[in-house]
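Notebook open, viewer loaded. I want to go through the contacts, the confidence, the salt bridges and the surface, in that order.

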Amino acid sequence: MEEEKAISLNEQIKQTIKQNLVLLRKANDLKMRDVAAALGIKENTYRVWEEPDKSCPKQIELVRIAKMYGVSLDLLMTGKADGDGRLSLSVQAPKLDNEVYGEQLLRDLSRYEKILVMKIRQMNTADRNKVNELVEEICSQFDK
């Protein structure tokens, strides 16, 4: 009986993750190929993650996806944020870093800007700093 409940709960979480993957992708006006490109995986691998009764991303991949969309892992797995109750992900698309984009939403960017932002969100601090230095160097060349 306990094992049956655990399997049922695991299946429920799996389906919630899959639904949230679809909602987050659509809320940000992304195609599956865009998300796959940002994660550095094949489109077919990502497609399977959204399909019912197929495999689900591993924990490390869930962490990367949550970072990429700028949401908590809890929100991605349960659809709830810090016990605030169920959120409508399709209505509350994650906002971008205010320092860079102000109030602009991820879905408002071009395809390549979205992929770039999603890739940067997955980086650790040291790698982000390297990217920032590179971007500053490139931008300084335009100022000349």
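I started with contacts: among those between residues at least 6 apart in sequence, 57% join residues at least 24 apart. This is a predicted model, so I looked up the fold and the confidence next. I count eight helices and zero strands. Of the 144 residues, 31% count as buried.

Confidence. The average pLDDT is 78, and 76% of the residues score at least 70. Helix H3 (residues 43-50) has the highest mean, 94, while helix H6 (residues 98-101) has the lowest, 48. Over residues 83-96 the pLDDT is below 50, yet that stretch has 39 contacts in the model beyond near neighbours in sequence. Residues 98-103 are below 50 too, with seven such contacts. I'll keep both stretches flagged in my notes.

Salt bridges. The structure holds six of them. I pulled up Glu50 with Arg25 and read 2.7 Å between the closest N and O atoms. Glu50 sits in helix H3 and Arg25 in helix H1 (residues 2-27), so this pair ties together parts 25 residues apart in sequence. Buried or exposed, for Glu50 at 9% relative accessibility? Buried, because the cut-off is under 20%, and Glu50 is at 9%. Arg25, at 10%, counts as buried as well.

Next I checked Asp29 and Lys114, whose side chains meet in a salt bridge at 3.9 Å, N to O. Asp29 is in the loop between H1 and helix H2 (32-39) and Lys114 is in helix H7, so the pair ties together parts 85 residues apart in sequence. The two ends differ in cover: Asp29 counts as exposed at 53% relative accessibility, whereas Lys114 is buried at 4%.

That sent me to H7 (residues 111-121). Its buried residues are Lys114, Ile115, Val117, Met118 and Arg121. They cover an arc of only 165° around the axis, so they lie on the same side of H7.

Then a pair within one helix: Asp127 and Lys130, with closest N and O atoms 4.0 Å apart. They are three residues apart in helix H8, which means about one helical turn between them. Asp127 is partly exposed at 31%, and Lys130 is exposed at 54%. I also noted a network of salt bridges linking Arg33, Asp34 and Arg111.

Surface. The protein exposes about 9400 Å², with carbon and sulfur atoms supplying 51% of it. Leu134, Ile138 and Phe142 form a nonpolar patch there, about 340 Å² of accessible area together. Phe142 belongs to helix H8 (residues 125-142) and counts as exposed at 69% relative accessibility.

Definitions and conventions. Residues are numbered from 1 along each chain as its sequence is written. This is a predicted model: local features need pLDDT of at least 70, side-chain atom pairs count only at pLDDT 80 or more; totals for chains, interfaces and linings use all residues. Side-chain values use heavy atoms; hydrogens and water are left out. Patches are made of residues with over 30% relative accessible area and no salt bridge: like charges are joined within 9 Å, nonpolar side chains (Val, Leu, Ile, Met, Phe, Trp, Tyr) within 5 Å. Accessible areas come from the Shrake-Rupley method with a 1.4 Å probe; for residues, only the protein chains shown count as cover. Helices (H or I, at least four residues) and strands (E, at least two) are DSSP runs, numbered from the N terminus. Buried means under 20% relative accessible area, exposed over 50%, partly exposed in between (1.4 Å probe, protein chains only). The arc is that of the directions from the helix axis to the C-beta atoms. pLDDT is the predictor's confidence in each residue, from 0 to 100. Contact means heavy atoms within 4.5 Å.
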